[in-house]
Structures are given as C-alpha cells and as structure tokens.
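Here is my note on the model you sent, written so that a first-year student can follow it point by point. Please keep the structure open beside the text as you read.

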Amino acid sequence: MPPLAVHCHSLTKTYGSGEAAVPALRGVNLDVARGELLMLVGPSGCGKTSLISIIATLADPDSGTCEVLGQDVAQLDALGRARFRNQAVGFVFQVFNLLPTLTVVENIAVPMLIAGRSRKYAELRAADLAERVGLSERRDAPSRELSGGQQQRVAIARALACEPRLLICDEPTSSLDHETGQSMMELLQREAKVPDRAVIVVTHDPRIFGFADRIARMDDGRIVSAEEMSVNA
Amino acid sequence: MLRIAVKMLIGKGAKYIGLLLGIAFTSFLIAFALSYLAGFMTRGFALISENPQADVWIMDPAVDSTEHMTNMPVLALQRVRSIEGVQSAVPLAVGTTDVHFPNGQFQSFEVIGVDGATLSGLPPLRGNLSRTVLRTPDAAAVSAGGTKGKLQTPLLRADQWPRRPHLDVPTRRLRRGDVVLVNGHRVRIVGLVESLPRYPPRPLLYTTYANADRILPPEEHRLTFILAKAAPSVSPDTLAKRIAARTGLRARTVAQFKTDTVRWFLLNSEDVGDMASMIWIALLVGFGVTGVMLYMFTEETLGQYAVLNAMGATPRMLLGMILAQAGICAVLGTGIGLGMCAVVGRMAASEADYPFRMMWFSPLASAGLVIVVSLVAAAISARAVFKLAPASVFAGR
C-alpha cells in the first residue's frame, strides 16, 4: 500500500442549526493513496463538495479527523492553511475561475506569485506549463478570450504551477462538450498523474469514469461504495 | 501581487473608468468648493491687498477686520509716526455712504479716502491715466468692486439733474467727466479704478483723505486705518508689537490682518455658512459616490478574491490588493479631478469674474479626503472578502 495522501476518519459536517440543520457529511471515512486518481461521484447534495472543501482546508469538519499529506489540517491556523493550500494543493474548478483580465501566462503564474516566487521565474515556468497544456500560441491572450476547453487547460496548468502533491478537481468536464471533456481528462492524466501526487476528481460525468483508479460513491453524506477500476482509459 | 491587482482593476474597462470619474468628480467638487470659499475670502481682504506698501495696519482696538470698523482720533497718526522703526505712516479713511446719480437714482458706495500726498492705496486707473488726477478738486475715481450694473448714470443730458427724478431712463456706465452727488457734495469722476473685486461685492469710490472727510457724513473721527511702513532694520512683526504697546491701538502685520479678516468672515458672515453647507454637501455626495462605487467594485470581484484565497493568498495579501486598487483609483481620480478644477476654475475666473482661488489647502484637502474615503471604503468592502466562505469557489456552494 503506497503512503496515503488523504486520510479522513469519521468526518461529519452539518450546515445550519435546529430544525434548519442540514447534515452534509455523516461519518465519512476516506483514504486516497499517493499516485491515485480517485473519482468522487454521487447525486447533487450528497456531500461531495463538503468533503473536498474539508480535504482542501477550505472548511472545517464538525467532528472527525482529516490528515492531508501527513498533516492534520485541524492543527493549522488560517495562515498555515493558506500556505498549505498554496504549496501542497492544486485546484481545478468547474467554471475555471480564471482571472479574466490576466493573460494565460499571468493566470498560470498566480499561485507562484502568491508563494513569493519572482515574477521572472513565475512567468518562465508559466510559459513552460502553457506549452505543456498546448497553449503556447495563446500564452499572451487574455483568458476571457479563450474557449471553454482552453480555459480549462489554463486552469490545469495553474493548478500544477506549484507542483502540488494533491490535486482537487471539481466537475472539471461539466462545462465542456464530450470531446473536449475527454481530451481534458487525457491531459489531466498525462500531466497531473504522477507517483507522488493524488488526484481527486468530483464528477457527475460517467463518460470519464474510465480515467479513474478508484471510484468512491457518495449518497446522503456517506461513502456508500468504493470500487477499484481494473483498466484505465 | 500588486501588479495583478492593478491588472484586475484596469481590466474592468468601463467600470474602472466610471470609478475614476466618480472619484474625479468628488475631488473636483471638494477642491472647487474650497477654492470658491478661498476666492471669496481673498476678495474679503481686497482692501489689504490693495495696499502692498503697508507693513503694519494700525486701527482702533475694537476693529478686527476690514468689515467691522470704527474710526480713531487723527492724533493717532502723529503718535504712530513718532515711534522708532516707523519709516512712514499714512492715513486711510473708509466709510459707507449713498451716491446720487444725475437722474435721481442712488447707490450705496464704500468710500476709500487715501493719503492725498502719496496716493498710497489707490490702484491704477484705467487708460493709463495718472493717479495724480485724484488730487484735483472734488475728484473721485470709481470701481464696480465686483458688482454688475451699479455704476449707471443717465444716457441723455435731458435726464440729468431734473427737478423730479427720471428713474427709468436709458443709462450708461459712469465715465470720466461724469458728476455725482455725495451727501450734497458735488463729486467729479476722474477715472475708473482697476481695483480688486470685493466680498461682499460693493461699488467703490476712491478719493483723497481730505475729500473723503468732506463728503462723508460728519463723524467725531475720520481716521479708520494708519498704514505704516517699517524701517529696513525692523521686522513688521516687531514693529506691530511696538506700536500696539506704545499707543494702545491695534497693530497687525499684513498677514495677521488678512487672517483676522478671514476669521471674522468665517464667524460672522451668513454667506460663509451657505458656502460651508455647499462644501459639506460636496463632501457627502462625493463620499457617497466614491464609497459606494469602490464597494461595488470590490463586491463584483469577490469571486476572484475567493479563488486567490483558495490558491493560498493570505488575508493580508488580499487586503493589500484591495487597498492598492483603491489607492490607485484615488490618486488617479484625484489628479483628474484637481486638473479639471484648475482648468474650470481658471476659465470661470477669467471669463466670468468668478471668485475662484485654488490655494494650497484646496488640492491637499481634496486629495487627502478622497484618499482617506477611498481607503476606508476599500477596507469596509474588504470585510466582505474576509467573510466569504472559502468553499464558495466550488460550484456546489
């Protein structure tokens, strides 16, 4: 068994209180190994986003523990979490969340600038990443002028900028057509899946299940099954 | 990160320009209102400005401005002249009286009686006339003093000095050679004076001290001010203190007397209250515009800040970005606003004789207030960024 990237134990999370309380997680246990591409699937409202928010140190559980890359995230203060996210976690969002007024290279460089890297270093590495995701021709274009597929490529390059050991992708193909979604997953598998890095993909899209090493199904705040995939796409 | 903040700001295009114009409008309003007030105050001490040769103004101890005056015994002039350090001292009489025009109309004038020997305090006459014409018998020179249409005399000879007043007849502006009556005394207009406009605006009649004494209504004393020039070895401040100590009169340097006069207007003039209200309204409107626009700008960018936060930007970093954006907008907007204020004010002053004077404190106060308001508005809007649930970056939130 390779070392764990994520180890969640008995996580619970409830939004609201009293009669308006909505339980999002009801004792979730989840392990994700380094080098593994895990897909988290389930119907809307089943707790997927709550779970990845806790793993990404963007939210706190009500109870339970969550160790990410060997770090108990509950022990980190706000500044520590920000640094941890910057250096260890990469994000790919459903709606890309690029900064529309920045160019491709500038968008990719943002996490490195946050990390305190020099602008020269950040832009050189960003240009290299833009080339790796097939956008070298458009490296100086404002991100708002890119197609959806191109924007998601930028988002993947940005997520990899600080060489994180955990990549969290929230519905990365749901804003894309099938063909673009497939090529995006191929890109993700090619560029992001390395032995030391775990990738968690939240998705509704069964057409990309073939890219997973393992699929964890959630329902009503619990992980109801976790199945190994024998052959990757 | 500051560069990113700037690009986020500029990339907003029309909204960025709107924000800049909003801030420019605010700084324009504040600077213009303050310059307007400064313009009026400058006109308030125009009498002092018209006497640049005087180093010290001496007056009755009860006098505290050029608006609130009473006269003193003429002997005071000799006492001042006898004080060591006084190089010269001349009298100045100031009074108010009605001037009757040939058709029977009348108008209240401020009569300024200058020293007949030196004509000190008499501004230049129009048409390069020699100021010595004022020494001729019954002579006076007039100025509109910032008023309009108050120096009108009948156009036709038939309407002049009739048995009964010819009030609604065609008129023209007073000119050299015209005659008016002041308290029953014939006064011959020998020229028009290039005087400084007054606040409050009032027509001015310059004449010699002796003639002023003759035409003004009888009073126990006539001497309103003594204008002293300090010897080269004495500073005006020292001389003023010395004169005050030796005579018991009030003696003020030019700068002190201007300050006294401005203070008097600020405390006593109802117009100043109206102008202060205008400045307050300008401040409130401007602050509202600036604050709301900056707040809305940050609100619209909340999503981007949430993403930066998710990627590891610390609250301090985000606050720095927001303040940088606000600061840039404030500095650029203020610059545009002050530039507009200077241009519009200059045009208004030269084309419409508008009381506009952009003194050092107008741009400084405007810039300071706008920058403070911008940064406060930015700091308030930053609260929304810090309250944002970080998980909102995910589609499910």
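The numbered points below take up confidence, then chain A, then chain B.

1. Before anything else, please keep in mind that this is a predicted model. For chain A the mean pLDDT is 86, with 97% of the residues at 70 or more. Among the elements of chain A, helix α3 (residues 104–114) has the highest mean pLDDT, at 93, while the lowest, 79, belongs to helix α6 (residues 178–192).

2. Chain A holds an open sheet of six strands, whose order is β6-β7-β8-β3-β9-β10 and whose pairing is mixed. Which strands of chain A stand at the edges of this sheet? They are β6 (89–92) and β10 (222–228), and because each has a single partner strand, one side of each is left without a neighbour in the sheet. On average, and with direction ignored, neighbouring strands of this sheet are turned by 20° against each other.

3. At one of these edges, β6(A) runs parallel to strand β7 (residues 166–170) of chain A, and four bridges join the two. A place to look is A:Phe91, which has A:Ile168 of β7(A) as its bridge partner. Two helices pack on the sheet here: helix α2 (residues 78–88) of chain A touches both β6 and β7 of chain A, and its direction makes about 75° with that of β6(A). Helix α5 (residues 148–159) of chain A also touches β6 and β7 of chain A, but its direction makes about 175° with that of β6(A).

4. A further set of pairings in chain A involves strand β4 (residues 63–68), which runs antiparallel to strand β1 (residues 4–15) and is joined to β1 by five bridges. Within this pair, A:Thr12 has A:Ser63 of β4(A) as its bridge partner. β4(A) also pairs with strand β5 (residues 71–72) of chain A, in the antiparallel sense and over two bridges, with A:Glu67 opposite A:Asp72. Two residues lie between β4(A) and β5(A) in the hairpin that they form, and in its turn A:Leu69 has a positive phi of about 55°.

5. Is α3(A) mostly covered or mostly open? The helix is mostly covered, as eleven of its eleven residues are buried; among them are A:Glu106 and A:Asn107, as well as A:Val104, A:Ile108 and A:Leu113. The cover comes from both chains and includes α2, α4 (119–132) and α5 of chain A, together with α1 (2–10), α9 and α10 of chain B. After α3(A) comes A:Gly116, whose phi is positive, near 95°.

6. The meeting of the two chains can also be followed from B:Thr314, which is found in the loop between α9 (302–310) and α10 (315–352) of chain B. Why does B:Thr314 count as buried? Its relative accessibility is 13%, and a residue is called buried when this value is under 20%. Leaving out residues up to four places away in sequence, B:Thr314 touches A:Leu79 and A:Ala82.

7. A second buried threonine, B:Thr224, lies in the loop between α5 (209–215) and β10 (225–230) of chain B, and its relative accessible area is 0%. Its side chain makes a polar contact of 2.7 Å with the side chain of B:Asn71. Beyond its neighbours within four places in sequence, B:Thr224 is in contact with residues including B:Ile58, B:Met69, B:Leu92 and B:Val94.

8. Also in chain B, helix α2 (residues 14–44) packs against helix α11 (residues 361–387) at an angle of about 145°, with the axes 8 Å apart, and the crossing is right-handed. Among the residues making this contact are B:Ile23, B:Ile30, B:Ala31 and B:Leu34 of α2(B), and B:Phe361, B:Ala365 and B:Leu369 of α11(B).

9. Strand β8 (residues 185–192) of chain B pairs in the parallel sense with strand β4 (residues 139–143) of chain B over four bridges, where B:Ala140 has B:Ile189 as its partner. With strand β7 (residues 179–182) of chain B, β8(B) pairs in the antiparallel sense over four bridges, and here B:Val182 is the bridge partner of B:His185. β7(B) and β8(B) form a hairpin with two residues between them, and B:Asn183 in the turn has a positive phi of about 50°.

Methods:
Residues numbered from 1 in each chain as written. Chains lettered and ligands numbered in written order. Predicted model: local features only at pLDDT ≥ 70, side-chain atom pairs only at ≥ 80, totals over all residues. Heavy atoms only, no water. pLDDT = per-residue confidence, 0-100. Pairing = 2+ DSSP bridges. Axes fitted to C-alpha atoms, helices over the stretch in contact; angles between N-to-C directions. Contact = heavy atoms within 4.5 Å. Buried < 20%, exposed > 50% of the residue type's maximum accessible area, 1.4 Å probe, protein only. Polar contact = N/O pair within 3.5 Å; in protein donor to acceptor, adjacent residues only side chain to side chain. Left-handed = near helix turned anticlockwise from the far one by under 90°.
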